[in-house]
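Q: Please take a close look at one part of this model, the pairing of two neighbouring strands. Then set that part in the context of the whole chain.

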Amino acid sequence: MATINENYLKLQGSYLFQTVARKVHEFESNNQGARLIKLGIGDVTQPIAPAITAALHRAVDEMGAAETFHGYAPDLGYEFLRNAIVENEYRKRGIDIEPDEIFISDGAKSDCSNIQEIFDHNSLVAVCDPVYPVYVDSNVMAGRAGNFSEETKHYSRLIYLPCTEDNGFIPDFPKIKPDLIYLCFPNNPTGVAITKDRLQEWVDYALKNDAVILYDAAYEAYINDDQLPHSIYECSGAEYCAIEFRSFSKNAGFTGLRLGYTVISKKLKLHGESVHSMWARRHGTKYNGAPYIVQRAGEAVYTPEGSRQIKEQIATYMKNAQYLKSALAGAGYTVYGGENAPYIWLKTPRGLSSWEFFDLLLNNAGVVGTPGSGFGSHGEGFFRLTAFGTYENSREAIARIKCL
Ligand code: PLP
């Protein structure tokens, strides 16, 4: 008799954004004609830049002609894209990464949830709290949960690294030694970035404790401060202990096109086994490659026009972020993030819980955000707003919030 994977039964409740969507749907059904301002889900809103759509059109035409048609992509992705990534994202920053250390994929979500497959089932996994829920849920699905405690709201085989106002939302080292450590900077949901010195301390910690850091840099394009690291490979020794995830979703608006990549140095070995080879095997077995036309679109991101156009888009989002942050601070809110990331992490007023504030904002201001507690117990009492809307909507949202 077929039986289900019981680990799925351990997943907590419905996914955060489904609950938000349900509440929004209920509100809209009960308030026909009300105009909601949605600053909740972290999805981009600007269209694909012209240099990139031009590349897409060209690639589509190639696919329609026998001489230029492309079937399955190479396992690691097309060389033209891997070369462009290495040159522009790494070598320009003085980082020594080879094109065959880049694995092209359909995005960072798949990679950062699938990567755990190549590690031992009993690995102890450290995650930040609050956290991008995908890291937790993918490990729960894989059986690394242990029991869930209603009291702590935590799984016993996961190590939670509190990110609080006290530590500036940068986690301290845990008391229990983890095997895998997920770090994400600039961070979703807190919008906080990490300094190179602090990241180096984490790399040193991982090297000393034989741990692997799974570094999600999906938001690196939003870094404004020149001193901050864009890649964990800017830290010395990271090639021996870190895997990096990158995405074209937030820097170039590919959330609907789907493109990302994972970087694994060939120097990363565990008990003499190459992690790069393991991931190559996994990638080749379970994944048949991002579409040719999308990889050509990714290449166009690195052309002079493409890169200028996406920088303008990011600047537009960051104008919103700066506005939201300063206006909320001016209105008396305690606000974090928003300087090197498209997320604003605000403290809920008057001791309201995250969901209470969500309901207040939805019902009395018609503004949708994301309750911090949905990202983990240390997110309780916080609330996330995104800068991915328009400037007009950001202003309107603030005007409404000020009237609360
Ligand atoms: N990592 C983080 C921290 C994210 O916030 C997101 C999306 O919101 C992703 C990864 C997913 O990126 P992608 O669209 O490339 O799958």
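**A strand pair and its setting**

A: Strand 16 and strand 17 (residues 382-386) run antiparallel and are joined by two bridges. This is a predicted model. One bridge can be named by residue: T370 has R384 in strand 17 as its partner.

Now widen the view to the sheet. The pair belongs to an open sheet of four strands, ordered 13-14-17-16, with antiparallel pairing. Strand 13 (335-337) and strand 16 (370-371) are the edge strands, and each of them pairs on one side only.

Next, the chain around the sheet. In total there are twelve helices and 17 strands. The C-alpha trace spans about 60 × 55 × 50 Å along its principal axes. A compact globule of 404 residues would have a radius of gyration near 22 Å, and the chain agrees with its 21 Å. Of the 404 residues, 54% are buried. Among contacts with a separation of 6 or more, 72% are between residues 24 or more positions apart.

The surface and the charges come next. About 17600 Å² is exposed, and carbon and sulfur atoms supply 50% of that area. The chain carries 39 positive and 48 negative charges, and their mean positions are 3 Å apart.

Helix 9 shows how one element packs. Its buried residues are Y292, V294, Q295, A297, G298 and A300. These buried residues of helix 9 pack against helix 2 (50-63), helix 3 (79-90), strand 2 (102-105) and helix 10 (304-330).

Several loops have backbone features to check. A cis peptide bond joins D129 and P130, with omega about 10 degrees. P130 sits in the loop between strand 3 (125-129) and helix 5 (133-141). Another cis peptide bond links F185 and P186, where omega is about -10 degrees. P186 lies in the loop between strand 7 (180-184) and helix 6 (196-208).

Two residues deserve a look for their phi values. F169 is not a glycine, yet its phi is positive, near 65 degrees. F169 lies in the loop between strand 6 (158-162) and strand 7. With a relative accessibility of 1%, F169 counts as buried, because the cut-off is under 20%. H271 is not a glycine either, and its phi is about 50 degrees. Its loop runs between strand 11 (269-270) and strand 12 (273-274). H271 has a relative accessible area of 86%, so it counts as exposed, the cut-off being over 50%.

Conventions: Residues numbered from 1 in each chain as written. Predicted model: local features only at pLDDT ≥ 70, side-chain atom pairs only at ≥ 80, totals over all residues. Heavy atoms only, no water. Rg over C-alpha atoms; globule rule 2.2 N^0.38 Å. Buried < 20%, exposed > 50% of the residue type's maximum accessible area, 1.4 Å probe, protein only. Contact = heavy atoms within 4.5 Å. Areas by Shrake-Rupley, 256 points an atom, 1.4 Å probe, with all protein chains shown as cover. Lys, Arg positive; Asp, Glu negative; His and termini not counted. Charge placed at Lys NZ, Arg CZ, Asp CG, Glu CD. Pairing = 2+ DSSP bridges.
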